[in-house]
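User: Can you walk me through how the helices and strands pack in this model? Here it is.

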Amino acid sequence: MSDLPPIREVIQRHGLAASKALGQNFLLDEQLLARIAALPGDLAGAQVLEVGPGPGGLTRALLRAGARVTAIEMDRRCLPALAELGESFPGQLTIIEGDALKLDHNAVMLGAPFHVLSNLPYNVGTALFVRWLSGESWPPLWQSLTLMFQREVAMRIVAAAGDDAYGRLAVLAQWRSDARLAMKVHRSAFTPPPKVMSAVVHVTSAAMPEGVSARTLERLTEAAFGQRRKMLRQSLKGVPGALDALAALGIDETRRAETVSVAEFVALARALGCRQS
Ligand code: SAM
């Protein structure tokens, strides 16, 4: 299994010229791919969901790490290359042709816990990220998310209150998960290189704070960051009970959303209960 052909050769042999429409920027550096695959820890025997394997660079790193990989790819041109890779790792790779945005991932993984690793087009990656982190049901079936993002988006995910990049995405990623910037990746690592720099974010789920509705928290951050330059007394005016909750918690209503910590948003959501659902 160590004598796989270089990915560049696989791409050439299967005619996988990168498609702009599908947001394809491939990673060919096997050392870099092995480092990304190592971020969740020991994957020997673990179930992994990979979204957008393309020609299979990250996939082969995951298979070499001993993972059992289910890969969802919507570009059918990539399927023969992936099938060939699967033959080198018997029983370890399941390929699903389809749009990951339209599939129920828990069902795809047959209800068993899994790690997610993915290098996706940035718009698809953000949509899936929000989906994986949303909903009332917690803990999620996924154990960790290891995802490549445009560097600005990665900074928004790990930002703290007071940072320019702090906003809804940070609260979503941090209120019941731990999110860290695991690796910066230069644009030149991709073929073809995208215009922007990238970074890998690693997220693990944490305990859900008691007495907090995800929907209420979402409603609060939507209102607060919808008018992020306004004072809370203005931006939260339309959220029933929010101004009373600010007063009860001693949060100054002249502050702006960008200064309100994740813990303060959680406390506010708890004070509001499920009224916003
Ligand atoms: N993982 C490979 C790598 O690192 O070299 C390919 C990365 S490329 C940026 C993104 C891949 O995601 C492409 O193969 C593309 O066809 C696939 N893709 C794009 N949108 C998708 C979707 N909605 N569902 C599944 N795959 C998708």
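User: How do α9 and α12 lie relative to each other, parallel, perpendicular or oblique?

Analyst: This is a predicted model, where local features need pLDDT of at least 70, side-chain atom pairs count only at pLDDT 80 or more, and totals for chains, interfaces and linings use all residues. Residues are numbered from 1 along each chain as its sequence is written, and side-chain values use heavy atoms, leaving out hydrogens and water. The axes (lines fitted to C-alpha atoms, for helices over the stretch in contact, with angles from 0 to 180 degrees between N-to-C directions) of α9 (residues 214-226) and α12 (residues 262-272) come within 9 Å and cross at roughly 120°. Under 35 degrees is roughly parallel, over 145 roughly antiparallel, 65 to 115 roughly perpendicular and the rest oblique, so α9 and α12 are oblique.

User: Which strands stand at the edges of the sheet?

Analyst: Helices (H or I, at least four residues) and strands (E, at least two) are DSSP runs, numbered from the N terminus. Seven strands make an open, mixed sheet in the order β4-β3-β2-β5-β6-β9-β7, with pairing taken as at least two DSSP bridges between two strands. Each edge strand has a single partner, so one side lacks a neighbour in the sheet: these are β4 (93-97) and β7 (177-185).

User: Which residue stands opposite Gln47?

Analyst: Strand β2 (residues 47-51) runs parallel to β3 (residues 68-73), joined by five bridges. Across from Gln47, in β3, you'll find Arg68.
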